[in-house]
Amino acid sequence: MAKKRKQKKRGEAVFRGLGVSPGIGIGVVHLHQTDAVTVPEYRIPQTGIAAERERFAKATAAARRQIGRLRAKAKGMSNSAAGELDFLLDAYQQMLKNSRLVRGVDQRIVRDRINAEAAVQAEVAEIAEAFAAMDDAYLAARLDDIREVGRRLIGNLTKTVRKIPSRMPRDSIVVAQEMTPADTALLDPGRAAGITAEVGGAEGHTAIMARALGLPAVLAVPGLLKGARAGDSIVIDGDAGQVVVNPSPATLAVFQRLRSEKQREKRQLSRLKRQPAITLDGVEVTLLANVELPIEMALVNQAGAAGIGLLRSEFMFMNREDLPGEEEQFQVLRTMVEPMEGKPVTIRTLDVGGEKISGAVMGDFRESASSALGLRGIRLSLARDELLEIQFRACLRVSAFGNVRILLPMVTTVAEVRQARAILARAARRLKRRGAAMASALPLLGVMIEVPGAALAADALAQACDFFAIGSNDLTMYTLAVDRGDDQVAHLYNPLHPAILRLIQFATAAALRARIPVSVCGEIAGDPRFLALLLGLGLREFSMTPSNIPRVKKRILALDSIAAAARAGVIMDQMDAGRIAMLLDDFNALA
Ligand code: PEP
Ligand code: MG
């Protein structure tokens, strides 16, 4: 008989990962079994192909039904993730119709004469390879969805029962190799205290779900499953991206204190939702949301955003081989404009190119469009103006349902704005002839200030457009010649470089002189550290990831605009980014 060995008590083990949903989770390890199904592979005789295709069609239909049932269940959920989950499950159901995945599997069965399970596995692997080559966080997130659908299909074909996270003890930290978004959304936040997994990214649906559920999450943690066993005590820090298995009593006490502080802070922040963002000396500030996916709409509402300052429309064009038509774009945009109930929604026209790749749009322009200095943003839209007109028509139609503004990315010349305006007018004429409903006035047409040339020509651009949105992300990249996505030069990416600040100052002053609205929608707008400086430069509108709105509002409430302007004046006389940072941080520490 095997002698039962006494388990040696294992010491504290610290892991690092990506903090994708803030907060501290303290509890015990609940291992989430990702269904490790062995996929059978065999050849099908010519005479068996029709039957195999039929078997695949049945598995697909069954998956659609299962997801339909999950949708019904999700609708009954009272928490804030219900809407997001419904959208996600709808996307799964669409993928189970005539998608590249389904068509590809069917073709493989016929062409390669292999069984359906093997065909699903091969097709998902090929799509994954194509996506990986593009190195795009958004596509990586879509890939998780495709994998999820593939797993479900294989489960149905092999008749493996799929496990949904079951009832778990309170204060469970879900530890997984990979958590799917659907599994995450079905977690009971009353029992789960956090999520950590070996894979996943900050832009993925799993991360979005975790944020919607308010569950701290740390993803992309190498070696996690080797270090954690069911029942171990565990702490996760979703802000710092840290996981501690078997924490010592001293470590545990530190995290308990941190958790209490954060919970208190969160409670205080949530009270700010309805409070207007006004500085100590009575200056009103507008806090808007940046939105990349329709599923974020619930977060926009929760955060108390005054509108959408940047709706990145790229999501409608990615992860597909065809292009979305006017009707499809209109329907999707309507789901985002209508719930805003008249608050401004700033729809940015397609900004593919550079690091944001979309094969179907770029077609013949691929090489130029993949360069950050090539056919990006408005340049690509003007080179394929039929696409821009379709997008404008969708925006114009959705203007009948709210307060729509249109924003042009990567503008460098006044001529680009004029051309775009002419296409907008043409789109409106066509719609009028068709008798389509739209707002009585054309939407305001704005320009992103995200290229140094645009910032320096801001006074001319201000005469040609109706508002500015300053994109500090690209403005920093282009001004300092530092690729946003290259970690080898990340230390040089510094929005506090005097060159960037001067460009922001110049563009803001030009907008104020021309009496057009100006906002900042790059990442600095959502970071309380930069607020005093931006406010001091005369900016009053900021657009950011919805979850940052409460923190930024809190900072606004503590600021005095006169003192901020005085400090901005001192900062703008400086030559050195290090000294600027010091002057800003000193001011922040006091005010
Ligand atoms: C920016 O460049 O600052 C911006 C907001 O646009 P994006 O991040 O989508 O390029
Ligand atoms: Mg940009």
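**View 1. Aspartate 239 is partly exposed, at 43% relative accessible area, and has a salt-bridge partner in lysine 262.** Keep in mind for this and every other view that you're looking at a predicted model. The N-to-O distance in this salt bridge is 3.5 Å. Although the side chains meet, their residues sit 23 places apart in sequence: aspartate 239 is in the loop between strand S7 (233-237) and strand S8 (242-245), while lysine 262 belongs to helix H9 (residues 249-270). How buried or exposed is lysine 262? Its relative accessibility is 26%, so lysine 262 is called partly exposed, because that label covers values between 20% and 50%.

**View 2. Glutamate 123 and arginine 100 make a salt bridge.** Their closest N and O atoms are 3.1 Å apart. This pair also links distant parts of the chain, with glutamate 123 in helix H4 (residues 116-134), arginine 100 in helix H3, and 23 residues separating them. Which of the two is buried, and which is partly exposed? Glutamate 123 has a relative accessible area of 4%, so it counts as buried, whereas arginine 100, at 30%, is partly exposed.

**View 3. Arginine 108 also meets glutamate 123, through a polar contact between their side chains.** That contact spans 2.6 Å. You'll find arginine 108 in helix H3, which runs over residues 100-112. Is arginine 108 buried or exposed? It's buried, because its relative accessibility is 8% and the cut-off for buried is under 20%. Who else is around? If you skip the neighbours within four places in sequence, arginine 108 touches Arg113, Ile114, Ala119, Ala122, Glu123 and Glu126.

**View 4. Arginine 348 and glutamate 314 join in a salt bridge.** Here the N-to-O distance is 3.3 Å. Arginine 348 comes from strand S11 (residues 344-348), and glutamate 314 from the loop between strand S10 (308-312) and helix H11 (326-337), so you have to travel 34 residues in sequence to get from one to the other. Both arginine 348 and glutamate 314 are buried. Elsewhere, salt bridges with shared partners connect a whole set of residues into one network: Glu326, Glu327, Asp385, Glu389, Arg393, Arg397, Arg426, Arg430 and Arg434. How many salt bridges are there in total? The count is 27.

**View 5. A magnesium ion (ligand 2) has Glu450 and Asp474 as its protein donors.** The donor atoms are OE of Glu450 and OD of Asp474, lying 2.1 Å from the ion. Glutamate 450 is in the loop between strand S13 (444-449) and helix H17 (452-456), and aspartate 474 is in helix H19 (residues 472-480), so together they tie up parts of the chain that are 24 residues apart in sequence. Glutamate 450 and aspartate 474 are both buried.

**View 6. Asparagine 246 and alanine 481 each have a positive phi, without being glycine.** For asparagine 246, phi is about 50°; for alanine 481, the value is near 55°. Where are these two residues? Asparagine 246 sits in the loop between S8 and H9, and alanine 481 in the loop between H19 and helix H20 (498-514). Their surroundings contrast: asparagine 246 is buried, with a relative accessible area of 14%, but alanine 481 is exposed, at 69%.

Key. Residues are numbered from 1 along each chain as its sequence is written. Chains are lettered from A and ligands numbered from 1 in the order in which they are written. This is a predicted model: local features need pLDDT of at least 70, side-chain atom pairs count only at pLDDT 80 or more; totals for chains, interfaces and linings use all residues. Side-chain values use heavy atoms; hydrogens and water are left out. Helices (H or I, at least four residues) and strands (E, at least two) are DSSP runs, numbered from the N terminus. Buried means under 20% relative accessible area, exposed over 50%, partly exposed in between (1.4 Å probe, protein chains only). A polar contact is a pair of N or O atoms within 3.5 Å; within protein, one must be able to donate a hydrogen and the other to accept it, and residues adjacent in sequence count only if both atoms are side-chain atoms. Contact means heavy atoms within 4.5 Å. Donors are N, O and S atoms within 2.8 Å of the metal (3.2 Å for Na, K and Ca); water is not among the atoms, so sites may look incomplete. A salt bridge is a side-chain nitrogen of Lys or Arg within 4 Å of a carboxyl oxygen of Asp or Glu.
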